[in-house]
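Subject: Structure handover

Hi there,

Here is the structure I promised to pass on to you. Could you have it open while you read the notes underneath?

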Amino acid sequence: MTTEQNTRLGILLMVATTLVFALQDGISRHLAGEYNVYMVVMIRYWFFAAFVMTVTARQAGSLRAAAATRQPALQAFRGFLLALEICVMVTAFVLLGLVESHAIFASYPLIIAALSGPVLGEHVGWKRWIAIGVGFIGILIILQPGIAVFSPYALIALTAATLFALYSLLTRYAARLDSAATSFFWTGTVGAVTMTAIGIWHWQPMSPGNWAWMGLLCVFGALGHWFLIKCYAVAEASAVQPFAYLQLVFGATIGVLVFGETLKTNVVLGATIVILAGLFTVLRERRSG
């Protein structure tokens with residue numbers, strides 16, 4: 001395959017990834033509206049952990065090889081952070097809706113850029129700082145602080161974005177010593193252990209129909225990560241990353257068509273500013289890389 005063909009395939013895989021993850025978010029919103037968030041995330045993690053162990057054992061040669069790390073505390077903390085972020089984000093879906101949650105969550109690349117200096121010691125130039133500042137103006141437009149209609153639930157989605165940004169930065173840091181397979185192994189297994197310790201105390205009987213939705217949620221979770229793994233295997237991350245913003249588009253569409261949410265002018269305007277600022281930081285990082 002040529003580089004151009006690889007990039008095209010990578011873009012198609014990223015688009016498929018964002019669509020599957022948006023569908024997963026829609027199902028999560030439905031189930032978490034009916035049952036306890038911790039239980040929903042726990043069951044989702046059981047299937048995810050099985051998928052992770054299967055994939056990483058194949059990549060590394062064995063489960064023992066996949067689990068081998070010189071930084072277990074860091075890897076365990078990463079796994080815990082992601083599990084926490086998922087719980088927070090699913091809660092935001094229920095309380096705030098898919099449209100506004102995704103619009104606010106789209107700020108996570110800007111948070112990564114802002115924290116890459118203090119966390120990773122990377123240089124952040126003045127142009128990227130301006131883009132970060134502009135992006136957060138977009139977030140303020142979405143949040144509308146000081147206006148009567150401001151929802152404190154919006155801060156839940158912003159917390160989820162911050163947690164995911166920190167998780168992503170720690171993943172970069174862990175990559176200095178561990179392979180991607182090792183990091184993926186710890187992400188799935190630690191998350192499953194964490195959520196089982198919490199979610200088992202919140203078990204609720206589930207109807208057969210919702211068990212079907214839960215099964216579909218688990219399948220979509222594994223399928224989305226499989227698409228993502230294949231995407232990064234055939235194309236550079238910087239080339240396909242801009243298309244990750246399509247999850248906002250797909251998620252908002254599901255929110256409007258399925259859950260009857262509305263597209264507010266301030267959310268559309270703010271999300272557009274956030275996405276443009278995020279795309280600028282991605283392009284700057286690609287040029288400097």
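Below is what I found, starting with confidence and then going through three helices and how they pack.

First, please keep in mind that this is a predicted model. The mean pLDDT of the protein is 87, and 93% of its residues reach 70 or more. Among the elements, helix α4 has the highest mean pLDDT, at 95, while helix α11 (residues 237-240) has the lowest, at 73. As a general caution, predicted coordinates should not be read in detail where pLDDT is low.

Helix α4 is a good place to begin. It covers residues 72-96, which makes 25 residues, and spans 35 Å between its first and last C-alpha, close to the 36 Å expected at 1.5 Å a residue. Just after α4 comes G97, with a positive phi of about 105 degrees.

Next, the partners of α4. With helix α8 (residues 154-174), α4 packs at an angle of about 155 degrees, and the two axes lie 8 Å apart. That angle makes α4 roughly antiparallel to α8, since it is over 145 degrees. The contact of α4 with α8 has 21 nonpolar, three polar and two charged residues. As for handedness, α4 passes α8 in a left-handed crossing.

Helix α5 (residues 98-105) also packs against α4, at an angle of about 140 degrees and with the axes 7 Å apart. These two helices are therefore oblique to each other. On the α4 side, the residues are E85, M89, A92, F93 and L96, and they meet L98, E100, S101, H102, I104 and F105 in α5. By class, this contact of α4 with α5 has seven nonpolar, two polar and two charged residues.

That leaves the third pairing, α5 with α8. Their angle is about 40 degrees, with the axes 8 Å apart, so this pair is oblique as well. The crossing of α5 and α8 is right-handed. From α5, the residues S101, I104 and F105 meet A154, A157, L158, A160, A161 and F164 in α8. Sorted by class, the contact of α5 with α8 has eight nonpolar residues, one polar residue and no charged ones.

Looking across the lists, S101, I104 and F105 of α5 appear in the contact with α4 and again in the contact with α8.

Happy to talk it through whenever suits you.

Best wishes

Methods:
Residues numbered from 1 in each chain as written. Predicted model: local features only at pLDDT ≥ 70, side-chain atom pairs only at ≥ 80, totals over all residues. Heavy atoms only, no water. Axes fitted to C-alpha atoms, helices over the stretch in contact; angles between N-to-C directions. Helix = DSSP H or I, 4+ residues; strand = E, 2+ residues; numbered from the N terminus. Parallel < 35°, antiparallel > 145°, perpendicular 65-115°, else oblique. Left-handed = near helix turned anticlockwise from the far one by under 90°. Nonpolar A, V, L, I, M, F, W, Y, C, P; charged D, E, K, R; others polar. Contact = heavy atoms within 4.5 Å. pLDDT = per-residue confidence, 0-100. Expected span 1.5 Å × (residues − 1).
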